[in-house]
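This report describes a single protein chain, going from its enclosed spaces to its fold and then to a few individual residues.

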Amino acid sequence: MLEFIKGKISVLVSNAAKRGNPLAQKLVANELRSFYGSMAVSPIVPGAFRIPDPDGDPDDEDDFATVPLHPVPVDPDRLIGERVSDASVSLGFYGMGSCEFFGLELPQGWLILPIRGAGNWLHLDGRIVQDEGYDAGEPRPWIVDADDRAFLERLQGAVITQAEMGPISLALTFDNGANLCLKADPATRPKQPGLDRPRAFAQGDDLAHAVFLSPSGLIYV
C-alpha cells in the first residue's frame with residue numbers, strides 16, 4: 001500500500017511539474033539529480049597534478065622538468081575584481097591527450113575547473129559552451145570544431161564582479177554582462193555519448209573543493 005501511495009504521489013508531482021508548478025519542478029529536478037548521481041562516475045579529476053618547474057627552461061628539452069602542484073580550494077571572494085586575460089577548455093594533459101579541463105587566466109593564476117570535457121558542462125550567457133555530440137541546428141554551442149574565437153572574445157578582458165561556488169554548481173558574473181555557470185540540474189547538459197542520460201556528478205562530489213588556482217595553465221595529470 002505504501003509503495004502504491006508513493007507511486008500515486010510521484011505521478012501527481014510529475015504532472016504538476018509538466019504544468020509548470022515551480023515547487024513540483026524543483027522536486028522532480030532533485031529526484032532526477034539524485035537518480036543520475038547514483039549511476040554516475042565522478043567527472044572530477046583528482047590530483048596529483050604537476051606543472052612545469054618555474055626554475056626550468058620550457059624551451060630546453062634537456063632542462064624541462066615538472067614539479068607537484070598541490071591544489072587548494074578557491075575562496076570565491078578572492079576572484080572578485082580579477083580580469084580575464086585568456087580562457088581554455090583544453091587544459092589538463094596526460095599521455096594520450098587532454099582531459100579538457102576549463103580554465104580562466106587571471107592575474108593571480110589560472111582558475112581551473114578539473115572536470116573531464118568541462119565545456120560540455122558550462123553555459124555562457126545561457127548557451128552551452130561545448131557539445132561533443134553537436135551536429136547542426138540551434139542553439140549552437142559557443143565552440144564548434146575547436147573554433148573558440150567568439151567564446152574568447154566574450155570573456156577576454158572581462159572583470160569578475162560576482163563568484164559563487166557550491167557542491168554541484170558555480171556561477172561567475174562579469175562586468176561586460178557575461179555570465180558563466182555550471183548549473184546543478186543535469187538536464188541542462190548534453191547527454192553523454194553512447195548513454196541515454198545527461199552528464200551528472202556522482203554522489204559525494206564537491207565542486208567547491210575541486211576548483212583551484214594554478215600558477216601555470218600547463219597542467220599534467
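How do the residues of the lining of the largest pocket divide into nonpolar, polar and charged? The model is a predicted one. In the lining of the largest pocket, five residues are nonpolar, three are polar and five are charged. This lining has 13 residues, and those nearest the centre of the pocket are Pro43, Arg116, Trp121, Gln192 and Arg199.

## Pockets and cavity

The space in the largest pocket comes to about 260 Å³, and that in the second largest pocket to about 160 Å³. Glu100, Asn120, Gln130, Asp131, Glu132, Tyr134, Ile143, Val144, Asp145 and Ala146 line the second largest pocket. By class, this second lining holds four nonpolar, two polar and four charged residues.

The whole structure has one cavity of 30 Å³ or more. The space inside the largest cavity is about 80 Å³. Two elements, β5 (109-113) and β9 (170-174), give two or more residues each to its lining. The largest share, three residues, is that of β5. The full lining of the largest cavity is Phe102, Leu111, Ile112, Leu113, Leu122, Met165, Leu170, Leu172, Leu180 and Val211. In class, the lining of this cavity consists of 10 nonpolar residues, with no polar and no charged ones.

## Overall fold

Four helices and 11 strands make up the secondary structure of the protein. The protein has 221 residues, and 39% of them count as buried. Among the contacts with a separation of 6 or more, 54% are between residues 24 or more positions apart. The exposed area of the protein is about 12300 Å², of which 53% comes from carbon and sulfur atoms.

How many disulfides does a search of the whole structure find? The search finds zero. In general terms, a disulfide is a covalent bond between the sulfur atoms of two cysteines. Cysteine 99 counts as buried because its relative accessibility, 13%, is under 20%. Cysteine 181 has a relative accessibility of 11%, so cysteine 181 counts as buried.

## Phenylalanine 151 and helix α3

Helix α3 spans residues 149-155 and includes phenylalanine 151. Is phenylalanine 151 buried or exposed? Its relative accessibility is 0%, and phenylalanine 151 therefore counts as buried. Apart from neighbours within four places in sequence, the residues in contact with phenylalanine 151 are Ala87, Val89, Phe102, Leu124, Val129, Trp142 and Ile143. One of these, Phe102, also belongs to the lining of the largest cavity, and another, Ile143, to that of the second largest pocket. Leucine 124 is 27 residues from phenylalanine 151 along the chain, with 8.3 Å between their C-alpha atoms.

## The loop between β7 and α3

Proline 139 is placed in the loop between β7 (127-128) and α3. The peptide bond that joins glutamate 138 to proline 139 is cis, with omega at about 0°. The loop between β7 and α3 also holds aspartate 145 and alanine 146. Aspartate 145 is not a glycine, yet its phi is positive, at about 55°. Alanine 146, likewise a residue other than glycine, has a positive phi near 65°. Most residues other than glycine have a negative phi, and most peptide bonds are trans.

Aspartate 145 counts as exposed because its relative accessibility of 76% is over 50%. Alanine 146 counts as exposed on account of a relative accessibility of 68%. Both residues are also in the lining of the second largest pocket.

## Proline 54

Where is the place of proline 54? Proline 54 sits in the loop between β1 (49-52) and β2 (66-69). With a relative accessibility of 67%, proline 54 counts as exposed. Proline 215 is 161 residues away from proline 54 in sequence, while the C-alpha to C-alpha distance between these two prolines is 9.2 Å.

## Accessibility of the residues discussed

| Residue | Relative accessibility | Class |
|---|---|---|
| Cysteine 99 | 13% | buried |
| Cysteine 181 | 11% | buried |
| Proline 54 | 67% | exposed |
| Phenylalanine 151 | 0% | buried |
| Aspartate 145 | 76% | exposed |
| Alanine 146 | 68% | exposed |

Definitions and conventions:
Residues are numbered from 1 along each chain as its sequence is written. This is a predicted model: local features need pLDDT of at least 70, side-chain atom pairs count only at pLDDT 80 or more; totals for chains, interfaces and linings use all residues. Side-chain values use heavy atoms; hydrogens and water are left out. On a 1 Å grid over the protein atoms alone, a cavity is a set of points where a 1.4 Å probe fits but cannot get out, and a pocket is an open set with protein on both sides within 12 Å along at least five of seven lines; lining residues have an atom within 4 Å of a point. Grid points are joined across faces, edges and corners, and a volume is the space filled by probe spheres set on the points. Ala, Val, Leu, Ile, Met, Phe, Trp, Tyr, Cys and Pro count as nonpolar, Asp, Glu, Lys and Arg as charged, and the others, Gly among them, as polar. A disulfide is a pair of cysteine sulfur atoms within 2.5 Å. Buried means under 20% relative accessible area, exposed over 50%, partly exposed in between (1.4 Å probe, protein chains only). Contact means heavy atoms within 4.5 Å. Accessible areas come from the Shrake-Rupley method with a 1.4 Å probe; for residues, only the protein chains shown count as cover.
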